[in-house]
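Got the viewer open? Let's walk through this one stop at a time, with something to select at each step.

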Amino acid sequence: MTFELSHFTAAIVFAACASTVFGITQRNTTREMLRYGAYCFVLFVGGVIVASWAMWLLKH
Amino acid sequence: MANVQPTTPVVPRAPRKSVVTSSPLAIIAPLAGWLIPGLGHLIQRRWIRGLLLMLAVFIMFFAGLGMQGKVYAFNTGDLLDILGFVGDIGTGLLYFIARAMDWGAGNIQRAVADYGTKFIVVAGLLNIISAVDAYHIAIGKKQ
């Protein structure tokens with residue numbers, strides 16, 4: 001079974017899984033876990049978007 | 001008038017007790033968590049956390065295989081290949097199943113296969129973090 005993910009979709013899957021693990025393992029209470037997981041997810045996806053625009057600007 | 005205070009003998013403090021307790025769970029939980037992602041939490045009745053961790057590692061691992069990522073074999077060659085193996089083996093049984101079934105041959109002709117290779121390595125690294133967390137729960141350092 002093979003499938004083709006776009007770069008952005010792959011980044012979203014990566015961010016979701018990594019944020020889940022980071023949230024659960026790095027914080028103690030459920031509320032803190034949710035907040036930290038969401039924070040990591042936003043940073044991951046935001047980082048991808050910022051890096052994409054930076055590369056676009058470098059190219060043009 | 002001199003203020004004379006009674007002198008109390010200084011008793012040396014006993015060393016603080018460490019939170020580390022030597023229960024068999026402190027060995028079993030991280031081992032189980034490494035072998036089967038999330039199991040270290042599940043055997044400690046952290047059902048939701050265990051299932052979420054299992055789901056996250058499984059999705060990353062199988063997404064990596066689906067993208068035709070490479071599963072590294074044991075090697076003593078290039079440093080990055082050795083580190084790739086160390087990351088991959090973090091997935092525990094999944095790694096051994098993938099090697100036994102000959103999955104993860106890699107495909108250098110597809111750019112997305114390189115993402116897949118990284119997905120598999122990161123799945124292993126995330127699983128190691130989960131196993132350490134299971135250990136912390138077992139010794140009472142974390143709820």
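Start by selecting chain B and colouring by secondary structure: you should find 6 helices and 0 strands. Follow the chain along its sequence and the pattern reads α-α-α-α-α-α. Keep in mind as you go that this is a predicted model. Chain B has 143 residues, and 41% of them count as buried. Its accessible surface comes to about 8700 Å², with 68% of that belonging to carbon and sulfur atoms. As for how the chain packs against itself, take the contacts between residues at least 6 apart in sequence: 71% of these join residues at least 24 apart.

**Stop 1: the inside**

Which residues have the most contacts inside the largest nonpolar core? Select B:M60, B:F61, B:M67, B:V71, B:F119 and B:L126, and you have them; the core as a whole has 27 residues. Now show chain A as well, since α1 (7–26) of chain A supplies at least two residues of this core, and so does each of α3 (47–66), α5 and α6 (111–138) of chain B.

Zoom in on B:F119 for a good view of both chains meeting. Leaving out residues up to four places away in sequence, B:F119 touches A:A10, A:V13 and A:F14 on the chain A side. From chain B, its contacts are B:M60, B:A63, B:G64 and B:M67. As background, nonpolar side chains tend to be buried together in soluble globular proteins.

Before you leave the interior, select B:A26, B:A134, B:A138 and B:I139. These are among the 5 residues of another core, which lies apart from the big one.

**Stop 2: a nonpolar patch outside**

Switch to a surface view and select B:L35, B:I36, B:F62, B:L93, B:F96, B:I97, B:M101 and B:W103. Together they make a nonpolar surface patch of about 660 Å². Which helix gives the most to it? That's α5 (residues 93–100) of chain B, with 3 residues.

Click on B:I36 next. This patch member sits in the loop between α1 (25–35) and α2 (39–42) of chain B. With a relative accessible area of 32%, B:I36 is partly exposed.

**Stop 3: the salt bridges**

How many salt bridges are there over all chains? The count is 3, so let's visit each pair in turn.

Begin with B:R110 and A:E4, whose closest N and O atoms are 2.4 Å apart. Why does this pair join two chains? Because B:R110 lies in the loop between α5 and α6 of chain B, while A:E4 is in the segment before α1 of chain A. The two ends differ in how much they show: B:R110 counts as buried at 19% relative accessibility, whereas A:E4 is exposed at 57%.

Now pick B:K118 and B:D114, which meet in a salt bridge of 3.0 Å, N to O. Both are in helix α6 of chain B, and because they are 4 residues apart there, about one helical turn separates them. B:K118 is partly exposed, with a relative accessible area of 44%, and B:D114 is partly exposed too, at 42%.

The remaining pair to select is B:K142 and B:D133, with 2.7 Å between the closest N and O atoms. Are these two buried or exposed? Both are buried.

**Stop 4: a glycine in the loop**

Go to B:G106, in the loop between α5 and α6 of chain B. This glycine is partly exposed, with a relative accessible area of 35%. Setting aside neighbours within four places in sequence, B:G106 is in contact with B:Q68, B:G69 and B:K70. Try a C-alpha to C-alpha distance to B:T117 as well: the two are 11 residues apart in sequence and 7.6 Å apart in space.

**Last stop: the cysteines**

Finish by selecting A:C17 and A:C40. How many disulfides are there over all chains? The count comes to 0. For A:C17, the closest cysteine sulfur is that of A:C40, and at 13 Å it is too far away for a bond. Likewise, A:C40 is in no disulfide. As a reminder, a disulfide is a covalent bond between the sulfur atoms of two cysteines. Look at how covered these side chains are, too: A:C17 is buried, with a relative accessible area of 5%, and A:C40 counts as buried at 8%.

Notes
Residues are numbered from 1 along each chain as its sequence is written. Chains are lettered from A and ligands numbered from 1 in the order in which they are written. This is a predicted model: local features need pLDDT of at least 70, side-chain atom pairs count only at pLDDT 80 or more; totals for chains, interfaces and linings use all residues. Side-chain values use heavy atoms; hydrogens and water are left out. A disulfide is a pair of cysteine sulfur atoms within 2.5 Å. Buried means under 20% relative accessible area, exposed over 50%, partly exposed in between (1.4 Å probe, protein chains only). Patches are made of residues with over 30% relative accessible area and no salt bridge: like charges are joined within 9 Å, nonpolar side chains (Val, Leu, Ile, Met, Phe, Trp, Tyr) within 5 Å. Accessible areas come from the Shrake-Rupley method with a 1.4 Å probe; for residues, only the protein chains shown count as cover. A salt bridge is a side-chain nitrogen of Lys or Arg within 4 Å of a carboxyl oxygen of Asp or Glu. A nonpolar core is a set of buried Ala, Val, Leu, Ile, Met, Phe, Trp, Tyr and Cys residues joined through side-chain atoms within 4.5 Å. Contact means heavy atoms within 4.5 Å.
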